[in-house]
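Trainee: Got a minute to go through some labels with me? I'd like to know what stands behind each one.

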Amino acid sequence: MNKRQFVKQRKPAWKRFEKLVNRSATSKLRPKEAAQFSTLLRELSNDLAIVRSRDWGQHLEGFLNHLVGRGHNRFYRAPPGNLANAIRFATVDYPRLFRKHIWYFYTAAALFFVPLIISWTVVQLNPQLASRVLPNEALEQYDKMYEHDADEFTSANFGDKSMFMSGFYVYNNAGIALRAFAVGILMGGMTVYVLLSNGISIGATAGYMVAMGHGRTFSSFVISHGSFELTAIAIAGGAGLMLGNAIVHPGQRTRKEALRVQGLDAVKIAFGAAVMLFIAAGIEAFWSPAPIPAIFKYIVGATLWVVVYLYLFVAGRGE
Amino acid sequence: MSQSISTSKASAEEIGLDLRIETPENVILTYQLAGPAIRLGAYMIDFGIRAVVIVIISIFLLCTGMVMPGASGGLYALVWFFMEWGYFIVAEGFFRGKTIGKHALGLRVIDDRGHPLTFWGATLRNLLRAVDVLPLYGPGFISMVLTQRLQRMGDLVAGTVVISERRVVLPREPIILEKIEPLPRQELGSYVPERGTLSLIEDFLTRRHILSHERGHAMAAPLASVLAKRLRFQGDPDLPLKFPMAFLARLYVTFLKRDDEEDEDQIDWKPKRKRQRKSGRPRQRQTVSDW
C-alpha cells in the first residue's frame, strides 16, 4: 500500500474522528459514539505509527499527531471532581495530609509563635519598644480602636462595616499566607522572614494593647478568630517550608522530582490554610467585634481553638 | 536539568521545542511547546480581561456604595482577591488548562507526562505565579529560558507545560499529478530515492504556493542537483539546474507511478478483501493487519 491509497482509505475515519473530537468539546457523546471514539483513537494511533515508520512526510504526520493529541487529551481526562470527593478531602484527607507533614507545621509554628511570645512579653514590660516594630500611626489607631469597654464593642453601622472588614481580611490575610507559601520555593528563606516578621509584629501589638490597659478588650476581640488565623498562617508557612526543603534536601530524588512530589502535598496544605483564613475573616468581621459580653467571646473562642486542633490532629484517624 | 546527550539524533530532538510523550497506545505524540512571547501575549489578554472586570465591578460598586459603603468595599476587596489569585486557578483548573487569553492564542496547559491538567496542578502553578512575577516576570522568564521545556517556576513545581495547539489540516494532494509527465526511464539510473526524500519533496510541493517562483526554485535547487547526480540523470541537463521545482515534481511523479505499479503486483497475491473494502460500506474497525 502506498501513501496515496493509505490516505484515501483512512481519510473517512480521520474525518469521523475529528468530528467526534470537536463534538466532545461542546456536548456529551452518546454511548455508541464514545465507543467509536475509543476505537478510532486506537486506530489513529496506529495510523500515526505507520506514517512515522514509513516516513510519509512531516505534513501528514503533523496532521495525525495533532488529531491524536487532541483525542488523547479528551480521552484521558482527569476524573471529574465531585462533591463527595471534596467533602472527603476536607474531613479525612486534609487532616491526614497535614499530619503526614506535621514537622513542617511544628517548625513554622515555632518560627511564628516563639517570636510572637517573646515580642509580646518584651513589649508588655516595656511599651515604648512597640514603636520600634510598629509604625506610630498604627499604634495611635489601635489606641482609638480599643478605647471602649470590652462588653460594648460596637459602632453604629456594625453590619455594613463588618462586610467591609471581612473582604479586607480575606484580601490581606489570605494574600499574605498564599504569598508566604509561594516564596517557599526560594529555598524557604523568604517564608521564614514572613513568619518571623508577622510573629514579631503581632506579638508587639498584643503586648502594647495589654500594657496600655486594653488587655481585656483586645483579648476578647482576638481570641475567636485567632484560632483559625494564627494556625492558618503557621500552616501556610509550613507548606512554604516544604517547597524550600525539597530544594535544600531533595533526598534520593532529583531536585525537580522532589519539588514535584512535595509540591503537590504542599499546595493542598496551603489551600486548606487559605480556606481557614476565609473562615477567620468571617469570624473576625462579624463575631469578634460583635456587641456581646466578653465572657461569651471567651467561651466561643476557646471552643474554636479546641475545634481547630481537634480537627487537625484527630479528624480522619482510625478509619 | 542537564541531560546527557548520548546520540546525535537525541540531541537534535532535544533542541527542538517539542514535548514528546508516550501514550497508552504506545505511540509517541509530540506537542509543540509555547515560548515566552506568545505566553506573554496570552497573559496580556488575561490581564486586560481582569482589569476590565474589576473596572466594571467597581463602577457598579460605586453606585451601591452610596447605600452600603461597607458591603461594597468588602465585595470590592473580594473581587480583587479573586482576580489576583483565583482567576487563573479556576480557568485552568476547570476549563482544561485554558484561560481566555490562552484560548484566544491556541495555548493549553497540560501535565508534562501528557495528562490533562488537574485542579491541584493548576492551583500550584498559579500560586507560584506570585514568585514568577516578582519583578516584571523576571524569574519566570529566566526559568523558561533555562529549562528545556520552557517552564517557569510554577510549571517546574507543578510539572506542567504550556503547549501550542495550532489547527492542522489534512494535507491535500500536491498538484494535479496527472498533468505532470514522469521522467523517461532510460534517462535515469538504477538508484531509487528513499521514501523520506520523496515525502520531503511532496511536502515541499504541497506548500509550494506560499513561496514565490524564484524562491521556490532556489530552495529546490540543492536537492534537485544532488538527486540528479545520484540518479545519473541523462536528460536535458538544464532541467535540474534551471527548473529544479519542475524536476523534483517530475521525479516525484516518476517514483509515485512506479510505487503504484509495484503495489498492483502485490495485490495479486494478497487476498481480495481490500478490493471489497474499497467499494463496500464504511467499515467500523480496521487494523494494520487488514491491509
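Mentor: Let's take the labels in turn.

Mentor: Ground rules: this is a predicted model, where local features need pLDDT of at least 70, side-chain atom pairs count only at pLDDT 80 or more, and totals for chains, interfaces and linings use all residues. Residues are numbered from 1 along each chain as its sequence is written, chains are lettered from A and ligands numbered from 1 in the order written, and side-chain values use heavy atoms, with hydrogens and water left out.

Trainee: What makes A:Phe278 and B:Phe81 an edge-to-face pair?

Mentor: Their ring centres are 5.6 Å apart and the planes make 70°. Rings of Phe, Tyr and Trp (its six-membered ring) pair if their centres lie within 6.5 Å, and planes under 30 degrees apart are stacked, over 60 edge-to-face, the rest tilted. So 5.6 Å makes a pair and 70° makes it edge-to-face.

Trainee: Where do the two rings of that pair sit?

Mentor: A:Phe278 is in helix H11 (residues 255-287) of chain A and B:Phe81 in helix H3 (residues 69-94) of chain B, and the pair crosses between the chains. Helices here are DSSP runs (H or I, at least four residues), strands are E runs of at least two, and both are numbered from the N terminus. The whole structure has 23 aromatic pairs over all chains.

Trainee: Why is B:Phe81 called buried, and A:Phe278 partly exposed?

Mentor: Buried means under 20% relative accessible area, exposed over 50%, partly exposed in between (1.4 Å probe, protein chains only). B:Phe81 has 8%, so it is buried, while A:Phe278, at 39%, is therefore partly exposed.

Trainee: How do you know that helix H5 (residues 119-127) of chain B is mostly covered?

Mentor: Eight of its nine residues are buried, among them B:Trp120, B:Leu124 and B:Arg125. Across chain B, buried residues make up 46% of the 291.

Trainee: What puts B:Arg129 over the face of B:Phe88?

Mentor: The charge has to be NZ of Lys or CZ of Arg, within 6 Å of the ring centre and within 35 degrees of the ring normal. B:Arg129 is at 3.8 Å from the ring centre of B:Phe88, so the distance passes, and B:Arg129 is listed as lying over the face.

Trainee: Why are H2(A) and H3(A) called roughly antiparallel?

Mentor: The axes of H2(A) (residues 31-54) and H3(A) (residues 58-75) cross at roughly 150° and come within 9 Å. Axes are lines fitted to C-alpha atoms, for helices over the stretch in contact (heavy atoms within 4.5 Å), and angles run from 0 to 180 degrees between N-to-C directions. Under 35 degrees is roughly parallel, over 145 roughly antiparallel, 65 to 115 roughly perpendicular, the rest oblique. Roughly 150° therefore lands in roughly antiparallel.
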